[in-house]
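This report is meant for a reader who is meeting the structure for the first time. It takes up one residue and its surroundings, and then turns to a group of charged side chains.

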Amino acid sequence: MERFYLLAPALLLTAAFVVGFVIFTALTVMGRSPELRGVKHNELFGPFFGRFLVWMMLPLERLLIGRVSANTITAFSLVLCVISGFAAATGHLVIALWTYAFAGILDALDGRIARLNGEQTEAGALFDSVSDRWSELFMFTGYLWYLHDSPWMLAVMAACGGSMMVSYTRARAEGLGINLKGGMMQRAERIVLITLGVLVAAWCAIGDDTAHLAGPAIGVTMAICGVTSIATAITRWVSAYRVLLAQARAQAPAVEPVAPTVTPEAQIPFVPQKLRESAELGI
């Protein structure tokens, strides 16, 4: 029963999402899909699931609009990730789970709140992007310390490195004028994957008979995150390189062949040395 008490919020949230998904699907099938503004989605979740998530967050969104700034939400999300990292490092996986899950919800909300409040600025975009990277560093560092005596530590390093390169590759490409948004493992997918993995690990850690499975559960989660993040980063790298290479070839001026310059000395036919000596001697 201890597991159910500690993880009751997860079970309630999961049940709410299942019920909400059924209702949202029924409304869509009946042609009564809710009107939603500014819905974004990615390749893995797709537009339908993206609309569903926005619909589920509408009550919280309405509570925050006009009352809390987007930068405040971003800062609070960062603080929660710092707490999550420390909780993971000290083995408090339940606390790490909930703080990170709630931070992920706020991370999905701050951009929408900024758009709906009319607060979209370059400074806010910078603050959000840099905060996201610090959030992931604190979170991954916590699990790195949690698994520092295990070979699974390498999986956390791969997940951290891959996640950073996904974001860096996109930022570098955008600095060169290329918009990169594709890929299997972006930030939203990483949040969902790690939250589910830590949920399994926390469930195992509570029981004495399954506590030894908590580390492998997190390790497998980080390994999946690492492999898919690295694949996403490499795919973006190759895509951006091909675009830049094609642009360079298209912009390169056509070079016409230039006829070789022939000097007067080069026009004198070759005469062997002995024939020249014979001509000079009059032979």
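## Threonine 232 and its surroundings

At 2% relative accessibility, threonine 232 counts as buried, the limit for that word being under 20% relative accessible area. The model is a predicted one, and in it threonine 232 has its place in helix 10, which covers residues 214–251.

The side chain of threonine 232 reaches the backbone oxygen of threonine 228 at 2.8 Å. Threonine 169 stands 63 residues away from threonine 232 along the chain, and the C-alpha atoms of these two residues are separated by 9.7 Å.

## Arginine 187 and its two aspartate partners

The structure holds six salt bridges, and one of them is formed by the side chains of arginine 187 and aspartate 107, with a distance of 3.1 Å from N to O. Because arginine 187 lies in helix 9 (residues 187–206) and aspartate 107 in helix 6 (residues 93–116), this pair ties together parts that are 80 residues apart in sequence.

Arginine 187 also forms a salt bridge with aspartate 132, where the closest N and O atoms are 3.6 Å apart. This second pair links distant parts of the chain as well, since arginine 187 is in helix 9 while aspartate 132 is in helix 7 (residues 122–146), 55 residues apart.

How buried or exposed are these partners? Arginine 187 has a relative accessibility of 12% and counts as buried; aspartate 107, with a relative accessible area of 15%, is buried, and aspartate 132, at 9%, counts as buried too.

## Glutamate 136, arginine 190 and the network

A further salt bridge is made where the side chains of glutamate 136 and arginine 190 meet, at 2.7 Å from N to O. Glutamate 136 lies in helix 7 and arginine 190 in helix 9, so the pair ties together parts that are 54 residues apart in sequence. Glutamate 136 is buried, with a relative accessible area of 2%, and arginine 190 is likewise buried, with a relative accessible area of 1%.

Which residues belong to the network that salt bridges with shared partners create? Asp107, Asp132, Arg133, Glu136, Arg187 and Arg190 are joined into one network in this way. Within that network, Arg187 meets both Asp107 and Asp132, whereas Glu136 meets Arg190.

Key
Residues numbered from 1 in each chain as written. Predicted model: local features only at pLDDT ≥ 70, side-chain atom pairs only at ≥ 80, totals over all residues. Heavy atoms only, no water. Salt bridge = Lys/Arg side-chain N within 4 Å of Asp/Glu carboxyl O. Helix = DSSP H or I, 4+ residues; strand = E, 2+ residues; numbered from the N terminus. Buried < 20%, exposed > 50% of the residue type's maximum accessible area, 1.4 Å probe, protein only. Polar contact = N/O pair within 3.5 Å; in protein donor to acceptor, adjacent residues only side chain to side chain.
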